[in-house]
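Please take a moment with the sequence and the three-dimensional view before reading on. The paragraphs below are meant to be read with both at hand.

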Amino acid sequence: MQEAELPIENFYDFSPQFGNCRYEGGVDFRSGKKPEAYVKKMLDLFSRPGDLVMDPFSGSGSTAAVAHKTGRGYIGIEQGEQARTHCLARLITVIAGDKTGVSADAGWTGGGGFRFCTLVPAARH
């Protein structure tokens with residue numbers, strides 16, 4: 001017998017998390033940072049551990065951080081220096097055992113690794 005699928009709830013109140021996420025992961029990203037609780041809910045609804053998640057506008061690295069903490073693969077893309085100052089710095093903190101955001105809920109204690117790549121500027125002709 002097939003298990004019945006339940007509908008996705010249509011309202012989640014993340015307002016407290018949006019108000020308190022400024023320093024999650026050890027990086028400050030004003031007026032644009034998604035709380036890890038919000039990202040985790042989306043990943044839980046639409047992916048499973050072991051899946052690959054892609055965030056083409058990584059911002060502060062919230063999606064990569066949550067994907068790492070919850071056992072998903074990830075590809076994050078970000079331009080400019082914030083790729084280093086925010087995304088790279090945050091993932092280093094996650095691997096070291098970051099205790100912020102969804103760490104307790106996910107049972108996160110640290111570990112793993114990632115690859116940080118830089119694109120070479122196009123040659124001028």
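What follows goes from the chain as a whole to one helix and then to a pocket.

The model shown here is a predicted one, and it is sensible to begin with the confidence attached to it. Across the protein chain the pLDDT averages 87, and 85% of the residues score at least 70. Among the elements of the chain, the mean pLDDT is lowest in helix α1, residues 15–19, where it is 68, and highest in β2, where it is 98.

The protein chain contains 5 helices and 2 strands, and, read from the N terminus, these elements follow one another in the order α-α-β-α-β-α-α. Of the 125 residues in the chain, 33% are buried, while the accessible surface comes to about 8600 Å², with 56% of that area belonging to carbon and sulfur atoms. If one takes the contacts between residues at least 6 apart in sequence, 53% of them join residues that are at least 24 apart.

With that outline in mind, the reader may turn to helix α3. Why can α3 be described as largely enclosed by the rest of the structure? The helix spans residues 62–69, and 8 of its 8 residues are buried, so the rest of the structure largely encloses it; buried here means that a residue has under 20% relative accessible area. The residues in question are S62, T63, A64, A65, V66, A67, H68 and K69. As for what surrounds them, the buried residues of α3 pack against two strands, β1 (52–55) and β2, and against the helices α2 (36–46), α4 and α5 (103–106). After α3 comes G71, a residue with a positive phi, near 75°.

The last stop is the largest pocket, which holds about 630 Å³ of space. Its lining consists of 22 residues, and those closest to the centre of the pocket are G76, I77, E78, F116 and C117. Which elements supply at least two residues each to this lining? Both β2, residues 73–76, and α4, residues 82–95, do so, and α4 gives the most, with 5 residues. In character the lining is mixed, since its residues divide into 12 nonpolar, 6 polar and 4 charged.

Seen together, these steps return to the same two elements: β2 and α4 are among those that the buried residues of α3 pack against, and each of them also supplies at least two residues to the lining of the largest pocket.

Conventions. Residues are numbered from 1 along each chain as its sequence is written. This is a predicted model: local features need pLDDT of at least 70, side-chain atom pairs count only at pLDDT 80 or more; totals for chains, interfaces and linings use all residues. Side-chain values use heavy atoms; hydrogens and water are left out. On a 1 Å grid over the protein atoms alone, a cavity is a set of points where a 1.4 Å probe fits but cannot get out, and a pocket is an open set with protein on both sides within 12 Å along at least five of seven lines; lining residues have an atom within 4 Å of a point. Grid points are joined across faces, edges and corners, and a volume is the space filled by probe spheres set on the points. Helices (H or I, at least four residues) and strands (E, at least two) are DSSP runs, numbered from the N terminus. Ala, Val, Leu, Ile, Met, Phe, Trp, Tyr, Cys and Pro count as nonpolar, Asp, Glu, Lys and Arg as charged, and the others, Gly among them, as polar. Buried means under 20% relative accessible area, exposed over 50%, partly exposed in between (1.4 Å probe, protein chains only). Contact means heavy atoms within 4.5 Å. Accessible areas come from the Shrake-Rupley method with a 1.4 Å probe; for residues, only the protein chains shown count as cover. pLDDT is the predictor's confidence in each residue, from 0 to 100.
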